[in-house]
Amino acid sequence: MSIAKLLNLKTIQDSRGNLTFIQNDSILNFEIKRVYYLHDIPFKSERGGHAHKNLQQLIIPLSGSFNIYLNNGFSEETFFMSDPTKGLFVNNLVWREMRNFSSGSVCLVLASELYYEEDYIRDFDEFIKYVSK
Ligand code: TYD
């Protein structure tokens with residue numbers, strides 16, 4: 001079974017271009033409390049390197065592409081993100097690392113919680129201990 005789930009986002013296509021939307025409905029597994037985005041990401045930059053105790057996220061490559069490596073303490077999986085009509089639902093207690101950002105890429109993140117540093121596990125060994133409990 002996959003660690004995370006790729007969701008097909010509702011997209012309206014016409015001759016003027018595409019419009020993709022996300023709202024608090026049954027497609028999303030959580031209510032959006034926070035939105036942030038990564039942009040102007042330097043060449044070879046790596047982001048993430050943590051897990052969340054409670055927070056859930058939907059990660060969308062608005063522009064460009066990048067890889068997301070995931071590890072739930074039992075298995076690992078890497079997703080190549082390049083389609084802005086697909087969002088990756090990442091549950092709590094999943095370690096993530098994001099890398100190989102293409103030039104000019106923008107990564108949108110919708111989160112189920114407000115920013116709360118105590119929700120982070122930033123040490124991989126600590127994460128493994130936490131999920132093995
Ligand atoms: P972090 O979550 O470590 O970034 P990433 O996972 O993308 O590599 O956050 C980087 C810094 O920004 C850290 O000091 C916490 C701060 N931050 C906020 O203040 N608010 C936020 O909503 C987020 C996501 C991070």
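**Exercise 1. Is Leu93 buried, exposed or partly exposed, and what is its relative accessible area?**

Solution. Before starting, note that this is a predicted model, in which local features need pLDDT of at least 70 and side-chain atom pairs count only at pLDDT 80 or more, while totals for chains, interfaces and linings use all residues. Residues are numbered from 1 along each chain as its sequence is written, and side-chain values use heavy atoms, with hydrogens and water left out.

Step 1: place the residue, which sits in the loop between strand S9 (86-90) and S10; strands (E, at least two residues) and helices (H or I, at least four) are DSSP runs numbered from the N terminus.

Step 2: apply the accessibility classes, where buried means under 20% relative accessible area, exposed means over 50%, and partly exposed lies in between (1.4 Å probe, protein chains only). With a relative accessible area of 27%, Leu93 is partly exposed.

Step 3: look at the backbone, where Leu93 has a positive phi of about 60 degrees although it is not a glycine. Most residues other than glycine have a negative phi.

**Exercise 2. Describe the fold of the protein and judge its compactness.**

Solution. Step 1: count the elements, which come to 1 helix and 12 strands. Read from the N terminus, their order is β-β-β-β-β-β-β-β-β-β-β-β-α.

Step 2: compare the radius of gyration with the globule rule; the protein has 15 Å, close to the 14 Å that the rule gives for 133 residues, so it is as compact as a globular protein of that length. Here the radius is taken over C-alpha atoms, and the rule is 2.2 Å times the number of residues to the power 0.38.

Step 3: add the outline and the interior, since the C-alpha atoms fill a box of roughly 55 × 35 × 30 Å along the principal axes, and 38% of the 133 residues count as buried.

**Exercise 3. Find the residues around the ligand and list polar contacts that it makes with side chains.**

Solution. Step 1: collect the shell, using the criterion that a residue is near a molecule if one of its heavy atoms lies within 4 Å of it. The ligand is surrounded by Arg34, Tyr36, Leu38, Arg47, Gly48, His50, Tyr115, Tyr120 and Arg122.

Step 2: sort the shell by residue type, which gives 4 nonpolar, 2 polar and 3 charged residues. In this scheme Ala, Val, Leu, Ile, Met, Phe, Trp, Tyr, Cys and Pro are nonpolar, Asp, Glu, Lys and Arg are charged, and the others, Gly among them, are polar.

Step 3: examine pairs of N or O atoms within 3.5 Å, the cut-off for a polar contact. A polar side-chain atom of Tyr120 lies 2.6 Å from a ligand oxygen, a side-chain N or O atom of His50 is 2.7 Å from an oxygen atom of the ligand, and for Arg122 the corresponding distance is 2.9 Å.

Step 4: consider the coverage; the ligand taken alone exposes 530 Å², and the protein buries 63% of that, with areas from the Shrake-Rupley method and a 1.4 Å probe. Strand S4 (34-38) and strand S5 (47-52) are the elements that give two or more residues to the shell.

**Exercise 4. Analyse the ring pair formed by Trp95 and Phe127.**

Solution. Step 1: set the criteria, under which rings of Phe, Tyr and Trp (its six-membered ring) pair if their centres lie within 6.5 Å, and planes under 30 degrees apart count as stacked, over 60 as edge-to-face and the rest as tilted. The structure holds 6 aromatic pairs.

Step 2: apply them to this pair, whose ring centres are 5.8 Å apart with planes at 40 degrees, so the pair is tilted.

Step 3: locate the partners, for Trp95 belongs to strand S10 (residues 95-99) and Phe127 to helix H1 (residues 124-132), so that the pair links distant parts of the chain, 32 residues apart. Both Trp95 and Phe127 are buried, and ring pairs join them with Phe124 into a cluster.

**Exercise 5. Contrast the loop residues Ser112 and Asp40: which is buried and which is exposed?**

Solution. Step 1: Ser112, in the loop between strand S11 (106-111) and strand S12 (120-121), is buried at a relative accessible area of 7%. Its side chain reaches the backbone nitrogen of Gln56 at 2.9 Å.

Step 2: Asp40, in the loop between S4 and S5, is exposed at 69%. Its phi is near 50 degrees, a positive value in a residue other than glycine.

Methods. Polar contact = N/O pair within 3.5 Å; in protein donor to acceptor, adjacent residues only side chain to side chain.
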